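Thank you for letting me take a few minutes of the meeting. Please have the model open while I talk, and stop me whenever a residue is hard to find.

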Amino acid sequence: MTKTVLLGLLLIITVGCKKQMPKTDIVPQKEEVAQEPTTPEATEIWEPKPKVVSIDSNKVPSDAIVLFNGKNLDEWISAKDSTPANWTINKDGSMTVNDKTGDIQTKRNFGDVQLHIEWRSPVPVKESGQHRANSGVYLQNRYEIQVLDNNDNDTYVNGQVGSLYKQAIPLAKASVPSGEWNAYDVIFHAPEFDAQGLKTKSATITVLHNGVLIQDHFELLGTTEYIGWPKNTAHGPAPIKLQDHGDFSGVSYRNIWVREL
Ligand code: MG
């Protein structure tokens, strides 16, 4: 190859490369740069205003749907056969799992929600491991946040109190003593599926247990199965469900409300 040919090739390559190089798109031109604000008002936004939510004496937000206020189970049905829920209502404004009558679920279906729910394990304590005050709060009928009396009661950590059952170990164990009231505050974003039924976006869940962050925007892998791997069958909005574990539970619930997001 002669020197001229080599030089020619070099020129072609150089020109070709130059043609493919972006101009100065990445660096904004001087006239495109927004002027640096010089007053505090220039960076203030006044509209639209966020909606106003007031909080009542029971700390329930005004835009919440109250699912249980201590008086009746009107918002709930048996998960087994859709008959009226028949868990026990107590004089203190709570309800207790009616052992072996089955799970109860809301009549309403929900997608993305903020959920507040309080629960209490019974005293004196009975049994141990997964059999001590086992219940659960299911989002969309499929995704269980474990309820369990774990005080001086070890079990597998991905099934302990505050776990996303068999999927996510809680970041902390923040239980109050047995017999006292716990609170779960949950932010749940539902999974999304395409027209073919394939999951395009995982559900995410954040849980505070008595104000302590125990699940931090966890991406659910699918349903929380007792036996087997998580499943991802397409679904839409679905009920919130409370678990009757099928043995002695004694778990009570109160102050349940939800805000649709
Ligand atoms: Mg459970």
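In this predicted model, a search of the whole structure turns up four aromatic pairs, and I would like to walk through two of them. In one of these, the ring centres of W87 and Y253 are 6.4 Å apart and the planes meet at 25 degrees, which is under the 30 degrees that marks the limit for stacking, so the pair counts as stacked. W87 belongs to the loop between β2 (76–78) and β3 (88–89), while Y253 belongs to strand β15 (residues 252–260), so this pair ties together parts that are 166 residues apart in sequence. Both W87 and Y253 are buried.

The other pair I have chosen is made by Y143 and F188, and here the rings are tilted, with 5.9 Å from centre to centre and 35 degrees between the planes. Since Y143 lies in strand β8 and F188 in strand β9 (residues 181–189), the pair ties together parts that are 45 residues apart in sequence. Are these two residues buried or exposed? Y143 has 3% relative accessibility and therefore counts as buried, and F188, at 0% relative accessibility, counts as buried too.

Y143 brings us to strand β8 (residues 143–147), which runs antiparallel to β7 and is joined to it by five bridges. Strand β7 covers residues 135–139, and five of its five residues are buried. In a regular strand, side chains alternate between the two faces of the sheet. For β7, both faces are covered, with S135, V137 and L139 buried on one side and G136 and Y138 buried on the other.

Which strand, apart from β8, pairs with β7? That is β14 (residues 241–242), which pairs with β7 in the antiparallel sense over two bridges. V137 is a useful residue to follow here, as its bridge partner in β8 is I145, and it stands opposite L242 in β14. The hairpin of β7 and β8 has three residues between the strands, and in that hairpin Q140 takes a positive phi near 50 degrees.

Staying with β7 and β14 for a moment, K241 lies over the face of Y138, at 4.5 Å from the ring centre. A comparable arrangement involves K126, whose charged end sits over the ring of F248, 4.6 Å from the centre of that ring.

Y138 also takes us to the pockets, since it is among the residues that line the largest pocket, together with others including H131, E144, Y165, Y226 and H245. This pocket has a volume of about 230 Å³, and its lining divides into four nonpolar residues, seven polar and one charged.

The second largest pocket holds about 160 Å³ of space. Which strand gives the most to its lining? The answer is β15, with four residues, although β1 (65–68) and β15 each supply at least two. Among the lining residues are V66, F68, D92, R254 and W257, and by class the lining has five nonpolar, five polar and two charged residues.

As for enclosed space, the structure holds one cavity of 30 Å³ or more, with a volume of about 40 Å³. The lining of this cavity comprises 13 residues, and those nearest its centre are S121, D149, N151, S175 and V176. Of the lining residues, four are nonpolar, seven polar and two charged.

Finally, I would like to point out some features of the backbone. The peptide bond from E47 to P48 is cis, with omega near -5 degrees, and P48 is placed in the loop between α1 (3–20) and β1. The bond from V123 to P124 is also cis, again with omega near -5 degrees, and P124 lies in the loop between β6 (113–120) and β7.

The loop between α1 and β1 also contains K59, whose phi is near 65 degrees, a positive value in a residue other than glycine. With 66% relative accessibility, K59 counts as exposed. K100, which is not a glycine either, has a positive phi of about 70 degrees and is placed in the loop between β4 (95–96) and β5 (104–106). Because its relative accessibility is 62%, K100 counts as exposed as well.

Key:
Residues are numbered from 1 along each chain as its sequence is written. This is a predicted model: local features need pLDDT of at least 70, side-chain atom pairs count only at pLDDT 80 or more; totals for chains, interfaces and linings use all residues. Side-chain values use heavy atoms; hydrogens and water are left out. Buried means under 20% relative accessible area, exposed over 50%, partly exposed in between (1.4 Å probe, protein chains only). Two strands pair if DSSP finds at least two bridges between them. Rings of Phe, Tyr and Trp (its six-membered ring) pair if their centres lie within 6.5 Å; planes under 30 degrees apart count as stacked, over 60 as edge-to-face and the rest as tilted. A charge sits over a ring if NZ of Lys or CZ of Arg is within 6 Å of the ring centre and within 35 degrees of the ring normal. On a 1 Å grid over the protein atoms alone, a cavity is a set of points where a 1.4 Å probe fits but cannot get out, and a pocket is an open set with protein on both sides within 12 Å along at least five of seven lines; lining residues have an atom within 4 Å of a point. Grid points are joined across faces, edges and corners, and a volume is the space filled by probe spheres set on the points. Ala, Val, Leu, Ile, Met, Phe, Trp, Tyr, Cys and Pro count as nonpolar, Asp, Glu, Lys and Arg as charged, and the others, Gly among them, as polar.
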